[in-house]
Amino acid sequence: MEATLLSFPSSKPPPSQTQTLKPTTPFFHSSKPKLPFFKPSPFPSIRAAISRTKKEATVETVKTQLENCYLLAAIKYTGFTVKQFQDLRRSLPESSKLLVAKNTLVLKAIEGTPWEALKPCMKGMNAWLFVHSEEIPNAIKPYREFQKEKKVENDFTGAVFEGKFYGAGEFKQLENMPTRAEIYAKLLGTLQSPAIGLVGTLQAPARDVVMTLKAYVKKLEEESGGQ
C-alpha cells in the first residue's frame, strides 16, 4: 500500500513584504520659517525732523526778540485762557512782544548772554515779555491794568534789566523807575544850580560834556532803581 503524504498549510503567517516609500514633500520644514520683511515707516523720522525744526525756529525767534531789548520778563502762563491771552497781547504797546516758549528753548537762546541771569524763572510754564523801549514803567503798566481789569492772578515771576535779575518781589523798583523825560528834567534842574559848576562844564570840550551828562544820568537811574 502506498503511503499518501498530506501537506498542511503552515500556521505561520507569510513574511511581510516591506515596501520602500519614496520621501514626499514634508508638511513642515525643519528650518525656522522666514518672517516677512517690513521696512521701517518714514513717518516717525519726518515728525522728529518737523519737531526739531520748530524748536530751532523758536530759539531763533527768541534771539531776534532779544535784539534791542531793554527788559525781558517772565509771566506765569498756567491758568490763562486763550481769550485772556489774546486780549493781553492786544493791550500791549507795539514796543512790547509776548511770546510763549518752553523754558529749555529760551534758556538755549539766552545762554552765554547777560539775559542768562533769568535762570531762576525757568520753572513751570511761562510767557515771555520782550520790552523794546527804554520806558520800563510804561511797558509794565499795561499788564498791571490788565490784571486788575480781568482779575488775573498770574504775576511776573522775574525779569532781567541791564544784566540784573529782579525777582517777583522786586518789581516795584522797575515800576517806580523815572522815565527818561523825568530824568532829563531832574538833570536840567540840577544843572541850573550853582553847585554843579555849569559854567565850567559848558566851557569843556563837547565830548567831555556828553560824557559828564551820560555819567550823571546813569547815576540818577541807579539811585532811582535802588529806592
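Two strands pair if DSSP finds at least two bridges between them. With that criterion in hand, the tour can begin at a pair of strands in this predicted model.

**The hairpin.** Select residues 156-161, which form strand 4, together with residues 164-167, which form strand 5. The two strands run antiparallel and are joined by four bridges. Within this pairing, Gly158 of strand 4 is placed opposite Gly167 of strand 5. Next, centre the view on the turn: two residues separate the strands of this hairpin, and Glu162, in the turn, has a positive phi of about 55°.

**Helix 2.** Move to residues 82-91, the extent of helix 2, and display the side chains of Phe85, Asp87 and Leu88, which are buried. Looking down the axis of helix 2, one finds its buried residues within an arc of 160°, so they line one face of the helix. Then select Val82, Lys83 and Arg90, which are exposed on the other side of helix 2. To see what covers the buried residues of this helix, add strand 2 (96-100), strand 3 (126-131) and helix 4 (136-150), which are included in that cover.

**Asn103.** Select Asn103 next; this residue belongs to helix 3, which spans residues 103-110. Is Asn103 buried or exposed? Its relative accessibility is 13%, and Asn103 therefore counts as buried, the cut-off for burial being under 20%. Show its side chain and the backbone of Gly124: a polar atom of the Asn103 side chain lies 2.7 Å from the backbone oxygen of Gly124. Leaving aside residues up to four places away in sequence, Asn103 touches Met122, Lys123, Gly124, Asn126 and Trp128.

**Pro137.** Return to helix 4 and select Pro137, which lies in that helix. Pro137 is buried, with a relative accessible area of 12%. Which residues does Pro137 touch, not counting those up to four places away in sequence? They are Leu174, Glu175 and Met177. Add Phe171 and draw a C-alpha to C-alpha distance: Pro137 and Phe171 are 9.8 Å apart in space and 34 residues apart in sequence.

**Confidence.** Finally, colour the chain by pLDDT. The average over the protein chain is 78, and 64% of the residues score at least 70. Select residues 1-8, where the pLDDT is below 50; this stretch has zero contacts in the model beyond near neighbours in sequence.

Notes: Residues numbered from 1 in each chain as written. Predicted model: local features only at pLDDT ≥ 70, side-chain atom pairs only at ≥ 80, totals over all residues. Heavy atoms only, no water. pLDDT = per-residue confidence, 0-100. Contact = heavy atoms within 4.5 Å. Buried < 20%, exposed > 50% of the residue type's maximum accessible area, 1.4 Å probe, protein only. Arc of directions from axis to C-beta. Polar contact = N/O pair within 3.5 Å; in protein donor to acceptor, adjacent residues only side chain to side chain.
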